[in-house]
Amino acid sequence: MLKNYSETNSILAVITKKENHDIVFGGGAPIFLVENNQRLEELSMLIARITLGMVHDLGNNIKIIVKH
Amino acid sequence: MYKYGEMFIVSFFSGFIARALMLRIDYRQFPSFPQSYLIHLSMGFIASVLGSLALPVLLEEEFIAITFITIGAQHFREIRSLERDSMEKLEETELINKGSAYIEGIAKLFEARNYMALFTSLGTSIFYYFTNLEISIISAIIIGYMLHIMMKGPHISDIADVEITALTIRGYNIGVDDVIIMNVGEKAAWEKWKSEGIGIKIIPKDENARATLANLGQRQAIIHDLAILMGVKLDKGMEQFTPLARLELDYGILNIIIIPQEPDNEFIKEAIKKIPVLESSQKKPLKSIMGKKAAD
């Protein structure tokens with residue numbers, strides 16, 4: 001674990017489509033690969049609610065969950 | 001009757017009434033009614049007793065009694081930390097924090113108001129001693145009013161202009177004008193921002209105002225008060241709807257994005273203008289020669 005890691009303002013999870021697997025990989029946060037756009041929305045919303053975080057969209061169907 | 005009975009009663013009541021008149025309940029609901037109210041009234045009571053006793057004990061040449069006033073001052077200082085502690089504890093129960101600068105400002109105000117009661121009483125007793133009852137009552141009103149005016153800080157309307165604009169929406173990024181403030185990745189939240197969100201521009205009038213608005217505590221206070229006055233569609237776990245304030249760096253314009261419950265532009269504008277400028281956030285670079293020259 002990183003020395004100054006804090007739960008806030010760090011990436012808690014990455015949700016992306018399967019075809020982005022070569023762009024998004026590794027790292028400290030769990031990565032969720034989904035089939036379609038609808039699932040992408042649904043899953044990112046759910047994780048954000050559960051972690052009390054917020055969804056950010058990085059473009060190219062990559063969404064991250066960050067708690068501020 | 002006690003030799004200085006009438007003097008004491010007049011000066012005590014002038015101090016106490018001055019304190020009581022300052023205890024107003026407004027939209028902030030602070031101090032809360034009735035418990036906090038009673039606490040502050042009784043502190044005001046002690047302050048005005050101290051103030052009105054100062055002159056009689058001096059006249060009686062009981063100089064040792066003056067030390068009681070210092071004990072009183074010590075006591076009033078505790079009020080500040082008491083208020084601060086209680087507000088800091090309540091901070092976690094707020095959806096939008098007051099911020100430490102606002103808390104400190106309120107706490108300081110409550111301490112200062114006790115001194116105000118003390119000085120009103122003291123001043124009245126001095127006037128009573130040298131003149132008569134009528135003049136001392138009039139002077140009590142004047143002293144109380146002057147101290148009240150002196151303690152009144154500026155409002156946002158004194159340092160800045162307010163404009164309401166539509167949000168700038170570029171893809172998933174939202175902001176005001178060219179300042180991107182938030183990236184909302186959730187479709188439903190993004191649509192809500194698009195349909196109900198508004199942007200607010202607070203444009204500083206001069207360099208002093210610019211430095212003041214840049215203060216993080218001042219920004220937090222503006223958002224907090226605005227959320228109370230106009231309501232905000234927000235809940236725990238709904239971080240995507242948090243109102244945010246960010247600076248436009250070139251002109252120091254403070255941009256706020258918010259989803260108000262009452263989307264009435266005219267009143268939102270009025271509400272912001274009434275928000276106090278915090279004592280601790282006020283900066284006056286124009287008062288220095290360097291600041292003045294550099295601003296030209």
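Helix axes are lines fitted to C-alpha atoms over the stretch in contact, and the angles between their N-to-C directions run from 0 to 180 degrees. In this predicted model, the axes of helix H1 (residues 5-22) of chain B and helix H4 (residues 100-130) of chain B come within 8 Å and cross at roughly 150°. H1(B) is therefore roughly antiparallel to H4(B), a term used for angles over 145 degrees. The crossing of H1(B) and H4(B) is right-handed, meaning that the near helix is turned clockwise from the far one by less than a right angle. Helices (H or I, at least four residues) and strands (E, at least two) are DSSP runs, numbered from the N terminus.

The residues of H1(B) that meet H4(B) include B:Val10, B:Phe12, B:Ala18 and B:Met22. Among their counterparts in H4(B) are B:Phe110, B:Met116, B:Thr120 and B:Tyr128. Contact here denotes heavy atoms within 4.5 Å. The residues of this contact divide into 10 nonpolar, eight polar and three charged. In this classification Ala, Val, Leu, Ile, Met, Phe, Trp, Tyr, Cys and Pro are nonpolar, Asp, Glu, Lys and Arg are charged, and the others, Gly among them, are polar.

Chain B as a whole contains 11 helices and seven strands. Its C-alpha atoms fill a box of roughly 80 × 50 × 30 Å, taken along the principal axes. Of the 296 residues in chain B, 46% are buried, that is, under 20% relative accessible area, with exposed set at over 50% and partly exposed in between (1.4 Å probe, protein chains only). Among contacts in chain B between residues at least 6 apart in sequence, 75% join residues at least 24 apart.

Two residues other than glycine have a positive phi, as tabulated below.

| Residue | Phi | Loop | Relative accessible area |
|---|---|---|---|
| A:Leu52 | near 60° | between helix H1 (37-51) and strand E3 (54-57) of chain A | 31%, partly exposed |
| B:Asp177 | about 50° | between strand E3 (173-176) and strand E4 (179-183) of chain B | 39%, partly exposed |

The mean pLDDT of chain B, the predictor's confidence in each residue from 0 to 100, is 89, and 99% of its residues reach 70 or more. The predictor gives the complex an ipTM of 0.84 and a pTM of 0.87.

Residues are numbered from 1 along each chain as its sequence is written, and chains are lettered from A and ligands numbered from 1 in the order in which they are written. Local features need pLDDT of at least 70, side-chain atom pairs count only at pLDDT 80 or more, and totals for chains, interfaces and linings use all residues, while side-chain values use heavy atoms, leaving out hydrogens and water.

Conventions
Angles under 35 degrees count as roughly parallel, over 145 as roughly antiparallel, 65 to 115 as roughly perpendicular and the rest as oblique.
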